Every structure is written in C-alpha cells, then in structure tokens.
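Me: Could you take a close look with me at one part of this model, the place where two helices from separate chains pack together? I'd love a connected walk through it rather than a list.

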Amino acid sequence: MNKRYERIVITISSIILLVWIFLPITWMLLISFESQSQIFLKPSLEKFFPITLDNYAYLFRTGAGFVRCIFNSLIIAGSTSVLATIIGSMAAYAIQRVPMRRSIRDNLFFWIISQRIMPFLAILIPFYVLYQQTGLYDTIPGMILAYMTFTIPFTVFSMVGYFNEIPIEIDEAALIDGCSRIMILFKVLLPICKAGLAVTFLLNFVLSWNELLMALILTGENARTIAVAAALFLPSAGRSALWGPAAAIGIFFMLPAIALSFILRRSLVRGLTMGMVRG
Amino acid sequence: MTLMILQRLFKSRDTIILLSPALAILAVTTIFPFIYCIWIAVHNIVIFYPVPLEFVGLDNFISSLTSPIYGFWNAVSATIIFTGCSLAIELILGLGIAIFLNKEFPGVWFLRYILILPLVISPVSIGLLFRLMFLPGDWTLINWMLTLIGLQPIRWLADAKLSMLVLILTDVWEWTPFMAMIFLGALQVLPPEPFEAAMIDGATPLKILRHITIPLLREVIAIAVILRLMDSLKTFDIIYIITQGGPGEATQILNFNAFVQAFVFGNLSIASAQILILTITVMIISVLLIRLVRRGT
C-alpha cells in the first residue's frame with residue numbers, strides 16, 4: 001500500500017517537473033513553426049499544423065545582418081574560450097600547486113574569483129568611454145578582451161578544482177626528471193585532465209555565446225553578436241507582431257547550448273555550480 | 001628591481017610566467033576600469049551633449065540618494081521585491097526538487113538532466129520564452145489557459161505588479177534548477193545513518209526534513225543563497241527582454257536603473273555613482289554572510 005502510494009507521488013511529481021521545464025520551450029518551438037496567420041489562432045490543430053520553416057528562412061533572408069552576427073558570435077566566443085582556458089589554466093596551476101606563501105595564494109584566489117561579485121556595469125561604463133577613445137568600440141578584439149573579465153575567473157575556479165584531484169607526486173616526479181613548471185603543466189597535467197579542460201572550454205564558450213549586457217553596450221553594427229541581434233529584434237517584432245521570427249531566433253540561439261549540455265550531461269553539473277557539486 | 005621583488009614573493013620565475021598573463025589581463029580589465037569608474041562618479045560626464053568637465057566630489061552620490069528623478073529608491077524597492085521573492089521561492093522549490101530527485105527510480109537520470117537546461121539556455125532566450133507565454137491576446141499560452149477556466153485574458157506586461165510577477169516567475173524558472181543541483185549534490189554525499197536512525201524511530205518525513213536534512217545542509221544552503229543573491233542583484237537580460245524596466249519604472253531594479261541612467265539618458269556619472277553604491281552594498285552583504293557561515297561551522 002505504502003509502496004504504491006509512493007509510486008503515484010513520484011509519477012505525479014515527475015510529470016509536473018517535465019511540464020514545468022518543457023512547457024515554455026515547447027510553446028516557443030511551436031510558434032517558431034507557425035505561419036503569420038496561424039499565430040493569432042487559439043491553440044488547436046489548425047494553429048499548429050501544417051508547420052512551416054518560413055520564420056527560420058526569414059531570419060536568413062533579412063540580409064547578411066543575421067548571418068554576420070552568428071559569425072561574430074562564433075569568432076568572439078571561440079577565441080575568448082581558447083585564450084581564457086589557456087591563460088586561466090596557467091594561473092590555476094600556479095595557484096593550486098606551485099609553492100608560494102599561503103597568504104598570497106589565498107588572497108590571489110579570492111581576488112580572482114571575487115570578480116564575480118562586481119556588477120558588470122561598474123566596469124562597463126569605463127569600458128564604454130575607453131573603447132570609444134581607443135577605437136576598440138565595436139571591434140571583435142575589444143569584445144574578446146571584455147569577455148576575459150568573466151571567463152578567466154571562471155576558468156581559474158573550475159581548473160583549480162580539477163587540478164586538486166591529481167596527486168602532487170606526479171609533479172614531483174616530473175620536477176626530478178628536470179621538467180620546468182610550464183612543461184609540467186602543458187605536457188603532463190593538462191593531458192591528464194583533458195575532460196575537465198574540455199568542460200571548462202565549452203562552458204566558457206556557452207558563457208560568451210549567451211552574454212548580452214557587454215555586447216549590447218560595446219558593439220554597434222560591426223561586431224554585433226547574435227544575443228544583441230535577438231534582443232534588438234524584439235521591439236520591431238512587437239510593432240509588427242513578428243512573433244514567429246522572434247521565436248525562431250530564440251530557438252536558434254539556444255540550440256548550441258542544449259546540444260552541448262546533452263553531450264556533457266554529468267560533468268556539466270559540476271562546472272555550472274562552480275565546482276560545488278561533484279557530478 | 002620589480003622582477004626581483006616578484007621573484008622573492010613567488011619564489012620562482014615559472015610562477016611569474018604562469019600567473020602574469022591572467023593577472024595582467026584582470027588588472028587591465030577590472031582594477032583599472034573600477035578606479036576609472038570612481039573617477040567618472042566624482043566628475044560630471046554626460047554623453048550625447050557636451051558639458052565642461054568638472055570635479056563635483058560626492059554630488060552624484062548625494063543627488064542619487066536624495067533626488068527622485070534618478071529613480072534610486074524606486075529601484076531599491078523593486079530590487080528588494082524581485083530578489084527577495086525569487087530567492088525565497090527558488091530556495092524552497094530547489095530544496096523540494098533536490099529531495100525528490102535524490103530518490104532512485106526509473107528515469108530519474110533524465111529528470112536530473114533536463115534540470116540543466118535552464119542553466120545553459122541563454123537568458124535572452126529564456127526572456128523570449130516567457131515573453132511569448134505572457135503576450136496579451138487570447139492566443140497566448142497563459143491567457144488561453146485562463147479562458148479555459150472561464151477567466152478574461154489579462155494584459156500581463158501592462159500592469160506594474162503583474163510584470164514583476166512575470167519577471168519573478170522567469171527568474172524562478174531559470175535559477176531553481178541551480179539551487180536544486182547544488183542541494184542534490186550535497187544530499188548525495190550526506191551520511192545515511194541519521195536518516196536510517198530516524199526512520200527506525202518512526203519520524204515523519206516532515207520531521208526528518210526539519211530536524212535532520214536542513215540542519216545538515218545549512219552551510220550549503222547559505223553558500224547557494226550567497227551565490228544567487230550576488231547574481232540576482234545583477235539581473236539584466238530577462239528584464240531587458242521582457243519588460244524593458246516598464247511599465248513606467250516598475251521593474252527597474254538597481255542594476256537596470258543604472259543602465260538606463262547611463263545609456264538611455266547618457267548620464268554616465270550618476271550611473272557610476274549608483275553602480276558603486278550597489279557594488280559596495282553587495283560586497284558588504286557578501287562578506288557579512290560569509291562571516292556568518294564561517295562562524296556557524
């Protein structure tokens with residue numbers, strides 16, 4: 001009796017959870033496949049069928065603008081994550097296992113991860129002024145530099161956790177064999193924690209791909225990212241009721257992250273919760 | 001000379017090579033801009049129309065705090081409502097979901113997996129998801145459901161309180177899984193003995209929750225709340241997508257208000273002053289909370 005009661009509770013809770021997560025996504029997915037005349041119908045068979053790809057075609061047809069934003073996003077997110085993963089891993093290695101004074105180590109680590117506390121705007125307003133003056137405004141290198149502010153701290157935090165699991169004896173053996181610290185990092189440690197490195201890299205990519213506020217302020221037409229394109233499309237979508245294309249952007253924009261999350265399922269949990277949860 | 005001091009401090013040349021790229025970039029991209037932000041806040045810098053540069057001391061801070069045209073106190077109350085409500089709901093729901101998913105049953109791996117989705121989906125897309133559900137008219141999901149149970153469609157985003165409600169719901173959808181994941185991870189490494197003992201003594205599930213689970217998780221709960229609090233105060237994307245701070249200024253939390261002051265009205269100095277007030281407040285709260293957690297353990 002008790003067993004059966006428990007099973008019913010579990011089933012109902014599972015269904016609620018599934019609906020809670022999937023309802024908003026499904027709704028947007030359905031709208032993205034509707035034609036302009038179907039959108040304003042109440043939910044029914046005619047509303048959802050036949051499906052059309054017009055909304056997706058519309059995005060790519062509206063000129064090079066949208067395609068260019070995708071390329072910008074790919075280049076910015078890609079370069080940011082490569083650079084941040086390398087630079088951040090180096091710092092993480094130094095902080096985690098090279099001998100130095102304890103107080104320095106603790107303060108360095110705390111200082112690097114405390115970047116997370118500061119609201120972006122506190123550095124963005126100066127960035128805006130400086131970028132206008134130096135010509136970095138609306139350029140891809142400028143965006144990559146700006147994105148370092150959150151990807152490096154994240155990499156340090158994440159990689160310190162992964163290095164922590166590798167026995168220090170490995171370092172010592174390599175040191176005796178005459179390796180320098182830098183060689184140990186690149187030739188020994190990073191190959192050992194390939195998986196952690198990959199998760200860190202991909203999360204850096206997703207973080208940069210998803211970012212809106214910095215891109216909104218620091219880019220104009222040239223280096224505009226897809227996040228900004230999606231956000232700026234909305235006001236015009238509201239005026240002319242282009243909700244279909246708006247939904248298509250939303251779906252398109254979330255696809256890479258969803259694909260990555262499925263591949264990385266287990267290890268991702270740990271990365272996303274800043275290493276507090278072991279997957 | 002500097003190199004020698006650095007070598008003394010870090011004991012080896014390799015350490016300097018390993019650390020310097022990260023430290024150099026962070027110095028250029030955070031320390032310097034932060035100091036520059038303070039400089040902007042004590043001058044009068046307005047974009048869009050030129051004004052002679054003047055040192056104004058703490059004027060920007062004082063007028064932010066006293067003059068209603070800069071929307072500071074309105075933003076404070078919006079922030080408290082938004083952050084307070086969403087944090088409380090996320091904490092309770094997150095704990096509930098974590099306890100539920102800590103059981104083993106067929107298909108639980110899939111539920112654990114889909115919980116990741118709101119964490120990786122871009123906040124821009126999440127904003128769109130909820131905007132599309134709460135559009136006016138009788139064809140949108142929520143309004144259609146209302147008509148099914150015989151209610152009138154509502155113009156959600158035209159009403160101050162309802163807009164805030166939609167934003168809180170969005171934030172809950174986005175971040176409850178984060179809480180749940182942290183708690184689930186903590187639950188999975190808890191020792192089973194106290195629970196078994198309580199079961200044998202015939203304690204009800206509620207009593208187990210109140211007297212065993214929550215006390216054991218206290219530290220993790222505190223960390224999760226601190227992390228969420230810091231992020232919640234920085235919320236920008238979903239507000240920009242769903243309400244743009246409106247109707248009126250009803251959903252302009254501090255962070256968003258500073259954005260509007262800076263990049264809609266062009267008043268960089270007032271915005272800098274406001275964001276500095278926010279940053280310092282967040283730092284003080286974080287340090288106090290971390291102290292509190294440390295003392296508790």
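Reply: Happy to! Let's start with H6(A) and H2(B), which pack at an angle of about 80° with their axes 8 Å apart. Angles of 65 to 115 degrees count as roughly perpendicular, and H6(A) and H2(B) are therefore roughly perpendicular to each other. Please keep in mind that this is a predicted model.

Which residues meet there? From H6(A) come A:Ala122, A:Ile123, A:Ile125, A:Pro126 and A:Phe127. Facing them in H2(B) are B:Thr29, B:Thr30, B:Pro33, B:Phe34, B:Tyr36, B:Cys37 and B:Ile40. By character, the residues of this contact of H6(A) with H2(B) comprise ten nonpolar and two polar, with no charged ones.

H2(B) also meets a second helix of chain A. The axes of H7(A), which covers residues 140-163, and H2(B) come within 9 Å and cross at roughly 130°. Here the angle falls outside the perpendicular range and is not over 145, so H7(A) and H2(B) are oblique to each other. The crossing of H7(A) past H2(B) is left-handed.

On the H7(A) side, this second contact uses A:Leu145, A:Ala146, A:Met148, A:Thr149, A:Ile152 and A:Val156. Their partners in H2(B) are B:Ala22, B:Ile25, B:Leu26, B:Thr29 and B:Thr30. Eight of the residues in the contact of H7(A) with H2(B) are nonpolar and three are polar, with no charged residue. You will find B:Thr29 and B:Thr30 listed both opposite H6(A) and opposite H7(A).

What lies between the two chain A helices? The loop between H6 (120-134) and H7 of chain A holds A:Asp138. This residue has a positive phi of about 65° although it is not a glycine. A:Asp138 counts as partly exposed because it has 16 C-beta neighbours inside 10 Å, where 20 or more would make a residue buried.

One more residue is worth following here, A:Ala91. Leaving out residues up to four places away in sequence, A:Ala91 touches A:Val156 along with B:Leu18, B:Leu19 and B:Ala22. Two of these, A:Val156 and B:Ala22, also appear in the contact of H7(A) with H2(B). A:Ala91 is among the residues with the most contacts inside the largest nonpolar core, which has 153 residues. The others named with it are A:Leu124, A:Ile125, A:Leu218, A:Ala231 and B:Phe183, and A:Ile125 is one of the H6(A) residues that meet H2(B). The largest share of this core, 14 residues, is supplied by helix H9 (residues 160-188) of chain B.

Now for the wider setting. The contact between the chains takes 74 residues from chain B and 74 residues from chain A. On the side of chain B that touches chain A, the largest share comes from H2 (residues 13-41), with 16 residues. That side of chain B divides into 55 nonpolar, 13 polar and six charged residues.

As for the chain that carries H6 and H7, chain A has 13 helices and zero strands. Its C-alpha trace spans about 75 × 70 × 30 Å along the principal axes. Of the 279 residues in chain A, 46% are buried. Among chain A contacts between residues at least 6 apart in sequence, 75% join residues at least 24 apart.

Definitions and conventions. Residues are numbered from 1 along each chain as its sequence is written. Chains are lettered from A and ligands numbered from 1 in the order in which they are written. This is a predicted model: local features need pLDDT of at least 70, side-chain atom pairs count only at pLDDT 80 or more; totals for chains, interfaces and linings use all residues. Two residues are in contact if their C-beta atoms, placed from the backbone, lie within 7 Å. Helices (H or I, at least four residues) and strands (E, at least two) are DSSP runs, numbered from the N terminus. Ala, Val, Leu, Ile, Met, Phe, Trp, Tyr, Cys and Pro count as nonpolar, Asp, Glu, Lys and Arg as charged, and the others, Gly among them, as polar. A nonpolar core is a set of buried Ala, Val, Leu, Ile, Met, Phe, Trp, Tyr and Cys residues joined through C-beta atoms within 7 Å. A residue is buried if 20 or more other C-beta atoms lie within 10 Å of its own, exposed if 12 or fewer, and partly exposed in between; C-beta atoms are placed from the backbone. Axes are lines fitted to C-alpha atoms, for helices over the stretch in contact, and angles run from 0 to 180 degrees between N-to-C directions. Angles under 35 degrees count as roughly parallel, over 145 as roughly antiparallel, 65 to 115 as roughly perpendicular and the rest as oblique. A crossing is left-handed if the near helix is turned anticlockwise from the far one by less than a right angle, and right-handed if clockwise.
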